[in-house]
Amino acid sequence: MTEDGRAEPPRRVVGIALLPAKAKKHLGPKLIETAAQMGIDIRPVHVGKPLKEQGPFDILLHKIRRKEWEEELAEYSKEHPHMRIVDSFDRIRPIMSRFSMLAPFDKDISLTGPQGHGRVRVCAPQQISIPEGCTREQARKLLGEAGMEAPLLAKPLWADGRDGAHGLAVIHEVEGVEQLVSGEGPSGFGLPAMLQQYVEHGGCLFKVFVMGPIVVMVRRPSLHIPVPPEDVQDEAGFIQTIARISSFQSEMAGTAVLQGDPPQWVVQGLAQELRRRLGLNLFNFDLLQPSPNQPGRVPDGADYMVIDINYFPGFEKLPNYENLMVEFLTSLLQGKAEDPRALKKFVSFSQKPLSRAAPSH
Ligand SMILES: Nc1ncnc2c1ncn2[C@@H]1O[C@H](COP(=O)(O)OP(=O)(O)OP(=O)(O)O)[C@@H](O)[C@H]1O
Ligand SMILES: O=P(O)(O)O[C@H]1[C@H](OP(=O)(O)O)[C@@H](OP(=O)(O)O)[C@@H](O)[C@@H](O)[C@@H]1OP(=O)(O)O
Ligand SMILES: [Mg+2]
């Protein structure tokens, strides 16, 4: 009973299944307390312990890619049809591979500004897949067919949190692709990989975090060629492996050209459209504005480009993230997060510089 004699609203239970290292960062006491004040019990889910001993849950959030876990969850969900799983495995799976991650851009996204003023086109960079066992000749052929030119970026095919999933290599000349396939590149970077067209953008990118109807944009330092020596991890021939620059929070790379933030209607419209095309609630994407005059690298008429999408990223790095997460959970519980076009909140900021020791990968 409340003090004035009304019945307390029922408490709701939200299970969150994350790998231990991520759970430690994400499920801190402040999140648990903030949620509890709103009548939500956040329960960390331990994979390996039967779900029936941990539930029941109203909502289950998860970022664990293991076949046995997926099967157990599917089984449990049949017995508990009221439980809402956010997000569905079928929608998350394409994001875990860089081959399919940018598929929402198979058709460019066109956005129109308020009152019909302004129009922008958002595209993804051109990329090709280099499978394991690819020969030098095959690699050259693929590259020629795609019409891509150096510099190129090599990224691991799998973006599913496994060791090495955040590796990045700059290939300065096309000969570097032959080195990569024949294992003559820097150690620790191999196949299968994606080769993506490098797009000059002034060394600054915008990370846009989406939590259902809540959108938060953060400015981050980004890769800029020539890469400053302190960001090069290793090099061999025409290939350099690079430290995870965007994790240096807002310490702007020395070479970064300060540019204006994209207008709110662009970021907001893009977040909503991606939410719709991806069918996901919890993700972020990296947005950049290509510098002028790079015809071979940027699709005609592209005003902005999305280079990467991550599922359930490091939301805990956002200031006030506990309140944002609880607001998101509340909107889910109230059934108000359903319409992908609905926007509840838009926040944009530059984070205070953190030390270069920050990256955890
Ligand atoms: N096509 C591109 N053109 C220019 N720079 C790029 C491109 N793709 C990636 N980068 C740079 O490389 C960085 C890492 O690439 P990407 O975001 O794909 O990897 P990631 O492992 O998901 O990293 P993070 O988790 O930091 O987003 C980006 O933050 C950006 O600075
Ligand atoms: O939190 P985790 O350790 O899982 O790492 C996540 C990482 O956070 P970190 O920067 O704190 O490492 C995220 O970075 P931001 O985009 O939010 O900056 C993003 O890259 C996720 O994709 C990573 O998850 P993974 O893909 O590796 O599972
Ligand atoms: Mg990224």
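# Salt bridges, a magnesium site and helix α8

Arg93 forms a salt bridge with Asp90, and their closest N and O atoms are 3.0 Å apart. A salt bridge here is a Lys or Arg side-chain nitrogen within 4 Å of an Asp or Glu carboxyl oxygen. The model is predicted: local features need pLDDT of at least 70, side-chain atom pairs count only at pLDDT 80 or more, and totals for chains, interfaces and linings use all residues. Residues are numbered from 1 along each chain as written, chains are lettered from A and ligands numbered from 1 in written order, and side-chain values use heavy atoms, without hydrogens or water.

**Salt bridges**

- The whole structure holds 20 salt bridges.
- In the Arg93–Asp90 pair, Arg93 is partly exposed at 34% relative accessible area, and Asp90 is exposed at 56%. The classes are buried (under 20% relative accessible area), exposed (over 50%) and partly exposed (in between), with a 1.4 Å probe and protein chains only.
- Glu71 pairs with Lys67 in a salt bridge, with 3.2 Å between the closest N and O atoms. Both residues sit in helix α3 (residues 67–79), four residues apart, or about one turn of the helix. Helices (H or I, at least four residues) and strands (E, at least two) are DSSP runs numbered from the N terminus.
- Glu71 is partly exposed, with a relative accessible area of 45%. Lys67 is exposed, at 60% relative accessibility.
- Glu145 forms a salt bridge with Lys141, and the closest N and O atoms are 3.4 Å apart. This pair is also spaced four residues apart, in helix α5 (residues 136–146), about one helical turn. Both Glu145 and Lys141 are exposed.
- Elsewhere, shared salt-bridge partners join Arg65, Glu70, Asp90 and Arg93 into one network.

**Magnesium site**

- Two protein donors reach the magnesium ion (ligand 3): Asp286 (OD) and Asp308 (OD), at 1.9 to 2.0 Å. The pair links distant parts of the chain, 22 residues apart: Asp286 is in strand β15 (residues 282–288) and Asp308 in strand β16 (residues 304–311).
- Donors are N, O and S atoms within 2.8 Å of the metal (3.2 Å for Na, K and Ca); water is absent from the atoms, so sites may look incomplete.
- Both Asp286 and Asp308 are buried. Asp308 has a relative accessible area of 9%.

**UniProt annotation and cavities**

- An unreviewed UniProt entry places a "binding site" feature at Asp308 and Asn310. From this set, Asp308 also belongs to the lining of the second largest cavity.
- The UniProt record (unreviewed entry) also places "domain: Inositol-tetrakisphosphate 1-kinase N-terminal" at residues 13–90. Over residues 13–90 the chain is 40% helix and 22% strand, with the end C-alpha atoms 24 Å apart.
- UniProt positions follow the numbering used here, feature names are shortened, and annotations may be inferred rather than shown by experiment.
- The structure has two cavities of 30 Å³ or more. The largest cavity encloses about 40 Å³ of space.
- Its lining consists of His62, Lys63, Ile64, Arg65, Phe89, Ile92, Met96 and Tyr311.
- A cavity is a set of points on a 1 Å grid over the protein atoms alone where a 1.4 Å probe fits but cannot get out; lining residues have an atom within 4 Å of a point. Points join across faces, edges and corners, and volume is the space filled by probe spheres set on them.

**Helix α8**

- Helix α8 (residues 321–333) has 13 residues and spans 18 Å from first to last C-alpha, close to the 18 Å expected at 1.5 Å a residue. The expected span is 1.5 Å times one less than the number of residues.
- The helix is mostly covered, with 10 of its 13 residues buried. Among them are Tyr321, Glu322, Leu324, Phe328 and Leu332.
- Glu327 also lies in α8. Glu327 is partly exposed, at 21% relative accessibility.
- The C-alpha atoms of Glu327 and Lys24 are 21 Å apart, with the two residues 303 residues apart along the chain.
- After α8 comes Gly335, with a positive phi near 70 degrees.

**A loop position**

- Ser187 lies in the loop between α6 (175–181) and β10 (193–197). Ser187 is exposed, at 62% relative accessibility.
- Ser187 and Thr241 are 54 residues apart along the chain, and their C-alpha atoms are separated by 9.0 Å.

Terms used:
On a 1 Å grid over the protein atoms alone, a cavity is a set of points where a 1.4 Å probe fits but cannot get out, and a pocket is an open set with protein on both sides within 12 Å along at least five of seven lines; lining residues have an atom within 4 Å of a point.
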